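Trainee: Please choose one part of this structure and take me through it closely, then follow the chain outward from there into its surroundings. I would like the cut-offs behind each term as you go.

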Amino acid sequence: MLDLKQIRENPQYVQDRLNLRGAGQYDIQPILELDQQQRQLEQERSRLQARSNEIAKIIPAKIKQGSDPKGSEILELREEGNKVKTEIGELEPREKELKSQLETLLLALPNLPSETTPIGKNEDDNPEVRRWGEEYKIQHSVLPHWEIGEKLGILNSDRAVKVAQSRFIMLKGAGAALERALISFMLDKQTAAGYIEVLPPLLVNSQSLTATSQLPKFADESFKCQDDDLWLIPTAEVPVTNLYRDEILEASQLPIRHCAYTPCFRREAGAYGRDTKGLIRLHQFNKVELVKFVHPDKSEEEHQALVRDAEAILQALKLPYRVIELCTGDLGFGAARCYDLEVWLPSANKYREISSCSNFRDFQARRGSIRFKEAGKKGTQFVHTLNGSGLAVGRTMAAVLENYQQPDGTVKIPEVLQPYLGREVLYETAT
RNA sequence: GGAGAGGUGGCCGAGUGGUUGAAGGCGCAGCACUGGAAAUGCUGUUUAGGGGAAACUUUAACGAGGGUUCGAAUCCCUCCCUCUCCGCCA
């Protein structure tokens, strides 16, 4: 959520920054008008309430001084109290209504792109920041990972579709073990880098989804439970960020860095026909997520470090990748700044997103009221929240299968994974 | 699912109609004491919104929402959540 005060005081700046996401999409004018009306009502109501409070104090004081509780002086005051109360009763609902409209509009407004975010219309304008591992790109032709997987007998789609629906997959034998090995490896690596592991709830309430900004705008992207106010998490970002919702932290506790392995559930509405095969786009997938709560002064450097921590996994696995920065037109709703890591998928002959590392600044902290107090300073400040995948496990598996595919059809296991898996090569087996 | 208890400040915990934004304690900050520290003593310490250049001022908040009253943390209603016991269960 944007700071209403900022919108009020620098409307042109805010509107200009919002326009960078796509001109004409967002209009702050209605917010400015509602805010104006709301404040006017508040002033009037507040003045009446002050009088009401005054009367409530005068009455017992007069009685103490000897006034007759049933006398005309007291009765008049009571009557005025009633009158004031009636007037307040008329203003209050109007003010509440304005406030709730204002809230609705504010929640629907995305974050402002940072000052350094490259300006552009869509993903075609995302600049490449750096590339890594050109020397590890394989030269021979390869099968797409789902074909490798079926041949090796380590993944099965048909049965998963029978059990659930399309866009579900079942891993088997070495496939299941490889997924588990990747998860363990990533968690070990990230905890060694200073992230404290958490295993959060996989179902969250609406308030949590609102804080991280999946709600209200993206309700149709998540699975919802019918009988409870609970949703399946689309990413560990939601439960982990909400761990500190409505809390006031000590500045000395910052930064807080967490990593979490969770399954993630996404409806992928609007993705019909795209990536229908393999491990790229599923309703359920595993991910190790990195989440940070930091002091605003440190947020930029923590963001850069977060990206490096995600990259470290790809480097350890020797998977070629590139880093791109999302331009203003492609930036996610809550992000002020975002880097994507894209891994090389030889069968497609292109890079595919495997991690998205965003700095939300105080956008989520404001929605979730995640604040901190600085010793000796008055008041509280909002923390900055950051998160990124470290990494998407299914897509990593796909990248491993393809990039480590040998001409003879076998798949080598990356060295760092061998201790986890207890083997060096995957061979074709009868299914 | 059945029965009961409870939700108060950063934390613990008093408070059943009138200066209670809220006793007391812990924690934290400052000062004193000390060579320095501990201990001790004193002082201070909620958040959010509005108005104001500022000093300051005003409103709201004791799980949430409604009601009674001139006045509600305190009384009434509805909802949510937590805990305990029993049942069920990984």
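Mentor: Let us begin at the RNA, where an N or O atom in the side chain of Lys96 is 2.7 Å from a phosphate oxygen of RNA strand B. This is a predicted model, in which local features need pLDDT of at least 70 and side-chain atom pairs count only at pLDDT 80 or more, while totals for chains, interfaces and linings use all residues. Residues are numbered from 1 along each chain as its sequence is written, chains are lettered from A and ligands numbered from 1 in the order in which they are written, and side-chain values use heavy atoms, with hydrogens and water left out.

The Lys96 pair falls under the definition of a polar contact, a pair of N or O atoms within 3.5 Å; within protein, one must be able to donate a hydrogen and the other to accept it, and residues adjacent in sequence count only if both atoms are side-chain atoms. Two arginines reach another part of the backbone of the strand: a polar side-chain atom of Arg45 lies 2.7 Å from a sugar or linking oxygen of RNA strand B, and an N or O atom in the side chain of Arg371 is 3.0 Å from a sugar or linking oxygen of RNA strand B. The elements that give two or more residues to this surface are α1 (4-9), α3 (29-64), α4 (72-107) and β13 (370-373), where helices (H or I, at least four residues) and strands (E, at least two) are DSSP runs numbered from the N terminus. Among these, α3 gives the most, with 12 residues.

In total, 22 residues surround RNA strand B, and the closest are Arg39, Arg45, Lys96, Lys373 and Thr380; a residue counts as near if one of its heavy atoms lies within 4 Å of the strand. By class, the surface has 5 nonpolar, 7 polar and 10 charged residues, with Ala, Val, Leu, Ile, Met, Phe, Trp, Tyr, Cys and Pro taken as nonpolar, Asp, Glu, Lys and Arg as charged, and the others, Gly among them, as polar. Seen from the RNA side, 76% of the atoms of RNA strand B within 4 Å of the protein belong to sugar or phosphate, and the rest to bases.

Arg371 also leads from the RNA into a sheet, since its bridge partner in β14 is Phe382. β13 and β14 pair in the antiparallel sense over 2 bridges, and two strands are said to pair if DSSP finds at least two bridges between them. The open sheet has 3 strands in the order β7-β13-β14, with mixed pairing. β7 (247-250) and β14 (381-382) stand at its edges, each with a single partner strand, so one side of each is left without a neighbour in the sheet.

Further along the chain comes strand β15 (residues 384-392), which holds Ser389. At 8% relative accessibility, Ser389 counts as buried, a term for under 20% relative accessible area, with exposed meaning over 50% and partly exposed in between (1.4 Å probe, protein chains only). A polar atom of the Ser389 side chain lies 3.2 Å from the backbone nitrogen of Ser356. Leaving aside residues up to four places away in sequence, Ser389 touches Lys287, Val288, Glu289, Ala310, Ile354, Ser355 and Ser356, where contact means heavy atoms within 4.5 Å. Helix α12 (residues 393-403) is mostly covered, with 11 of its 11 residues buried.

The largest nonpolar core has 51 residues, and those with the most contacts inside it are Leu178 and Leu426. Helix α7 (residues 174-192) gives the most to this core, with 9 residues. Apart from it lies another core of 24 residues, among them Met1, Leu48, Leu107 and Leu109. A nonpolar core here is a set of buried Ala, Val, Leu, Ile, Met, Phe, Trp, Tyr and Cys residues joined through side-chain atoms within 4.5 Å.

One more strand deserves a place in the picture: 4 of the 5 residues of β10 (residues 321-325) are buried, so it is largely enclosed by the rest of the structure. Strand β1 (residues 128-132) runs antiparallel to β10 and is joined to it by 4 bridges, with Arg322 in β10 as the bridge partner of Arg131. β10 also pairs with strand β11 (residues 337-345), in the antiparallel sense over 5 bridges. The loop between β10 and β11 holds Asp330, whose side chain makes a polar contact of 2.9 Å with that of Asn126.
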